[in-house]
Amino acid sequence: MSNWYQAHGGVRTHWKFVVTPAGIALTYWSNGLYYTHKAPGVVLFLCGLALMGIGRRPWQRIAENWQTPKRIRHWLGTTFESPAWISCWGYLKLTVWGVIAFRAALYPLNQWDRIVADPHQLIDYFKNAQLMLVFCFVFPFFTRWIAPKDDLLERLEGRLWRAMISRTLANFNGACGLALLLYALLSMLSLGYAKVLPALALTIGVATVVATHKMWARFRKLCTQAHKDIQALIRTLEKPPSEDGEYEFTVLEAWDLVERDLRTRVDTGYGFGTRLAPKAVIAALDEKLVAVSKGAPGGEEARDQALDVLKAIRDVCEGRIDAVA
């Protein structure tokens with residue numbers, strides 16, 4: 001083979017390594033061009049991203065042979081997947097949640113002070129009302145996201161407390177945001193409507209207190225019902241199995257009641273919210289109790305494990321029993 005063909009083959013092989021740097025340069029150029037020529041800047045930015053995606057594979061093949069990135073990835077995986085780090089990360093998330101919850105409890109109260117001091121900043125109040133309404137919908141989902149994923153039974157009580165507190169703060173912010181939004185809208189029509197603010201705040205405040213009281217009463221009622229059904233299932237499991245097939249039916253029937261309680265949302269009566277027990281705990285209990293009812297091998301061990309889980313959930317519910325809720 002001639003030298004020309006060898007050089008030509010090398011160029012054909014290595015030109016792809018230029019694509020990614022060219023994409024980075026094009027993207028950097030588009031960033032400066034965007035302020036003066038918006039449309040060309042956007043087009044160049046998208047072209048730069050496309051070039052970086054096209055030229056990624058040759059660089060990735062080279063990077064696979066580098067030992068230093070492998071060692072770094074291994075160290076990061078070993079460090080951030082260790083139990084100590086997972087525990088610290090969980091406590092950090094809970095601390096952030098506590099700070100946000102504390103600020104959320106004070107934020108609506110600060111708005112009323114601002115209205116009394118300067119009632120004519122309607123645009124700012126309109127934005128603050130929107131912020132409180134967004135918080136009303138987002139904060140409960142954020143609470144479920146930051147919930148620790150390990151030691152589910154040990155953390156069950158804290159998980160329920162956070163769910164109820166977050167929903168209470170969400171309802172409070174939502175009611176205050178609605179009142180502030182109505183105040184801003186009515187005041188934009190006529191400043192005379194600002195006189196209805198005390199009556200409006202009182203009405204929405206009473207509605208919020210009633211809704212919050214009903215939510216906590218529903219929570220106590222659910223814990224009472226779950227405690228009753230779990231206690232019945234525990235007594236059924238502690239009985240010796242019978243040979244007439246009645247034991248299997250009794251266990252599964254009692255488990256149906258308990259499973260229904262565990263799947264119920266503690267903070268809402270709808271399809272969203274926090275369940276009384278996490279999905280993983282419910283699935284593990286279902287597997288163990290089905291094995292117990294069918295007399296499968298290892299059923300005695302599964303029964304003991306199921307009893308431990310049921311007793312832990314029962315103890316959490318026991319502190320919230322309210323027979324007249």
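**Exercise 1. In which helix is the place of Leu92?**

Before we start: this is a predicted model, where local features need pLDDT of at least 70, side-chain atom pairs count only at pLDDT 80 or more, and totals for chains, interfaces and linings use all residues. Residues are numbered from 1 along each chain as its sequence is written, and side-chain values use heavy atoms, with hydrogens and water left out.

*Solution.* Leu92 sits in helix α6, residues 83–117; helices are DSSP runs of H or I with at least four residues, strands are E runs of at least two, and numbering goes from the N terminus.

**Exercise 2. Work out how exposed Leu92 is, and what patch it joins.**

*Solution.* Step one: Leu92 has 45% relative accessibility, so it counts as partly exposed (buried is under 20% relative accessible area, exposed over 50%, partly exposed in between; 1.4 Å probe, protein chains only).
Step two: together with Trp85, Ile86, Trp89, Val96 and Ile100, Leu92 makes a nonpolar surface patch of about 500 Å².

**Exercise 3. Check the UniProt record against the model.**

*Solution.* An unreviewed UniProt entry lists "transmembrane region" at several spans, including 91–109 and 129–147.
In the model, residues 91–109 are 100% helix and 0% strand, with end C-alpha atoms 28 Å apart.
Residues 129–147 come out at 95% helix and 0% strand, with the end C-alpha atoms 28 Å apart.

**Exercise 4. Hunt for disulfides (cysteine sulfur pairs within 2.5 Å).**

*Solution.* Searching the whole structure gives zero.
Take Cys223: its closest cysteine sulfur, in Cys317, is 4.5 Å away, so that's too far for a bond.
Cys223 is buried at 0% relative accessible area, while Cys47 is partly exposed at 36%.

Key. Patch = residues over 30% accessible without salt bridge, like charges linked within 9 Å, V, L, I, M, F, W, Y side chains within 5 Å. Areas by Shrake-Rupley, 256 points an atom, 1.4 Å probe, with all protein chains shown as cover. Salt bridge = Lys/Arg side-chain N within 4 Å of Asp/Glu carboxyl O. UniProt positions renumbered as here; feature names shortened; annotations may be inferred.
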